[in-house]
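Here's a walk through one structure, meant to be read with the model open beside you. Pull up the sequence and follow along.

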Amino acid sequence: MKHAGPRRIQLRTVVTYPALTVTLVVSVALALTSFGPSQAMALDVLAAPMEIATSSPSTACVPPTPTESATPTESATPTESATPTVDATCVPAPSTTSVPTMSVPTLSTTSAPAPLPSPSAGPVVAPGVVTVDHDVLARIEGPPFHADYLPVGDLVPDAAQFQTFRVRFQLSNASADPITVTPQLEYRTDAGGSFTVVPEKPTAGIPFQAATEWVPSPSLSGGTIQSPLGEDIAAADLRIGKSNGLAMIGHRSMGANPDQNITLPSASYTEQEFTIKLTMDAKYLTGYELRITNGGAELAGTNTATIRLGAAPAAVLSPGQHQGVTVPGPKNATNPTSGTGVVK
């Protein structure tokens, strides 16, 4: 029977690292937590503080250092068996805490961004216009050549050839900007039709002309002289009545048509006047309308003044005069010497 020799037992060293395993688990939990809830809940929230759940150890402990222990074997040659041990009380327990972070604005993926505001051109304002509101007529009568004004809006029903009148219009500017106009006087018959400019000189076939007036002479000898082509009308001498806005100095034209320009400030009014004379071409029993324009351009709310001629005046005979008889025109006479010639 053979004697068995000494038996050899081989031990494998098994070393485990629990602390490293726990650390890896915590790191994975942190990564999953930050990529999970925070992305899903920050899409539609702008400038709101967010909380990120992170795992942090509840206790601060240092894993124990592995120790070596010698385990005797049956062999004569002992082997070393290093078995690290870990204290169970040092394993950190993960806990969830709220860590405030900076607010980061994000864009919503469900709605389009608001468009940028476009520059505005501002309110559109309509161009201002001058309106003709009222009119008044005046007769120039008698040796003093005094102007006798009729009520506002009244017509002259019984004018006669070669008489002189004044016609005045009220001009208003209700806009927000000053407006300049060139007053021009025009006429037509009251039967309608187109208007014609009143000439400055007597013209064949035209019933009116722009006329001058006789005014007191400034000389010591007195008397009268021809008026200038125009003169101002003080605001206190406006005759048609008050209107909306500020009363401005008016102007009277005596012999000029069109008259000089008038500038009306915003919210103001004034009066423009012309002196006119009926010519021998004015027809009796006929009415004429007068209007004012801006150099020929029609104004808003154009008002017309009306002068109507009466019946032709009856002939008044002086002592010794007799009513004439209408006779035919002369006839051509025959030359008595030749018998054939015609005396012209």
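What follows is a short tour of salt bridges, strands, cores and a few backbone oddities.

## Before you start

Keep in mind that this is a predicted model. The residue numbers run from 1 along the chain as its sequence is written.

## Salt bridges

How many salt bridges does a search of the whole structure find? The count comes to 12. Take Glu 273 and Arg 168, whose side chains meet with N and O 2.8 Å apart. Glu 273 sits in strand β19 (residues 268-278) and Arg 168 in strand β8 (residues 164-173), so this pair ties together parts that are 105 residues apart in sequence. Are these two buried or exposed? Glu 273 is buried because its relative accessibility is 0%, under the 20% cut-off. Arg 168 is buried as well, because its relative accessible area is just 1%.

Now look at Arg 291 and Glu 186, another salt bridge, at 3.0 Å from N to O. Here too the pair links distant parts of the chain: Arg 291 belongs to strand β20 (residues 287-294) and Glu 186 to strand β10 (residues 183-189), 105 residues apart. Both Arg 291 and Glu 186 are buried. There's also a network in which salt bridges share partners, and it joins Arg 166, Arg 168, Glu 213, Glu 231, Arg 252, Glu 271 and Glu 273.

Arg 139 and Glu 141 make a salt bridge too, with their closest N and O atoms 4.0 Å apart. Arg 139 counts as buried because its relative accessible area is 15%, while Glu 141 is partly exposed at 39%.

## Strand β10 and its partners

β10, the strand that holds Glu 186, is worth a closer look. Five of its seven residues are buried, so β10 is largely enclosed by the rest of the structure. Which strand does β10 pair with over seven bridges? That's β20, and the pairing is antiparallel. Within it, Leu 185 stands opposite Ile 292 of β20.

β10 also pairs with strand β11 (residues 196-197), again in the antiparallel sense, over two bridges. Glu 186 has Val 197 as its bridge partner in β11. The two strands form a hairpin with six residues between them, and Gly 192 in the turn has a positive phi of about 105°.

## The nonpolar cores

The largest nonpolar core has 30 residues, and Phe 208, Ile 276 and Ile 307 touch the most other members. Its largest share, four residues, comes from β8. If you centre your view on Ile 307, you'll find plenty around it: setting aside neighbours within four places in sequence, its contacts include Leu 137, Val 156, Phe 165, Phe 208, Ile 276 and Leu 290. A separate core of six residues lies apart from this one, with Val 136, Ala 138, Ile 140 and Ala 147 among them.

## A polar residue in β8

β8 also holds Gln 170. Gln 170 counts as buried because its relative accessible area is 1%. What does its side chain reach? It reaches the backbone oxygen of Gly 241, at 2.9 Å. Leaving out neighbours within four places in sequence, Gln 170 is in contact with residues including Thr 131, Asp 133, His 134, Gly 241, Tyr 269 and Glu 271.

## Backbone oddities

Most residues other than glycine have a negative phi, and most peptide bonds are trans. With that in mind, here are some spots to check in your viewer. The peptide bond from Asn 257 to Pro 258 is cis, with omega near 5°. Pro 258 is in the loop between β17 (250-253) and β18.

Ala 267 has a positive phi, near 55°, and isn't a glycine. You'll find Ala 267 in the loop between β18 (262-264) and β19, where it counts as partly exposed at 38% relative accessibility. The C-alpha atoms of Ala 267 and Ser 175 are 6.2 Å apart, though the two residues are 92 apart along the chain. Beyond neighbours within four places in sequence, Ala 267 is in contact with Asn 173, Ser 175, Asn 244, Gly 245 and Leu 246.

Leu 285 also has a positive phi of about 55° without being a glycine. Leu 285 lies in the loop between β19 and β20. Is it buried or exposed? Leu 285 is exposed because its relative accessible area is 64%, over the 50% cut-off.

Definitions and conventions
This is a predicted model: local features need pLDDT of at least 70, side-chain atom pairs count only at pLDDT 80 or more; totals for chains, interfaces and linings use all residues. Side-chain values use heavy atoms; hydrogens and water are left out. Buried means under 20% relative accessible area, exposed over 50%, partly exposed in between (1.4 Å probe, protein chains only). Two strands pair if DSSP finds at least two bridges between them. Contact means heavy atoms within 4.5 Å. A nonpolar core is a set of buried Ala, Val, Leu, Ile, Met, Phe, Trp, Tyr and Cys residues joined through side-chain atoms within 4.5 Å. A polar contact is a pair of N or O atoms within 3.5 Å; within protein, one must be able to donate a hydrogen and the other to accept it, and residues adjacent in sequence count only if both atoms are side-chain atoms.
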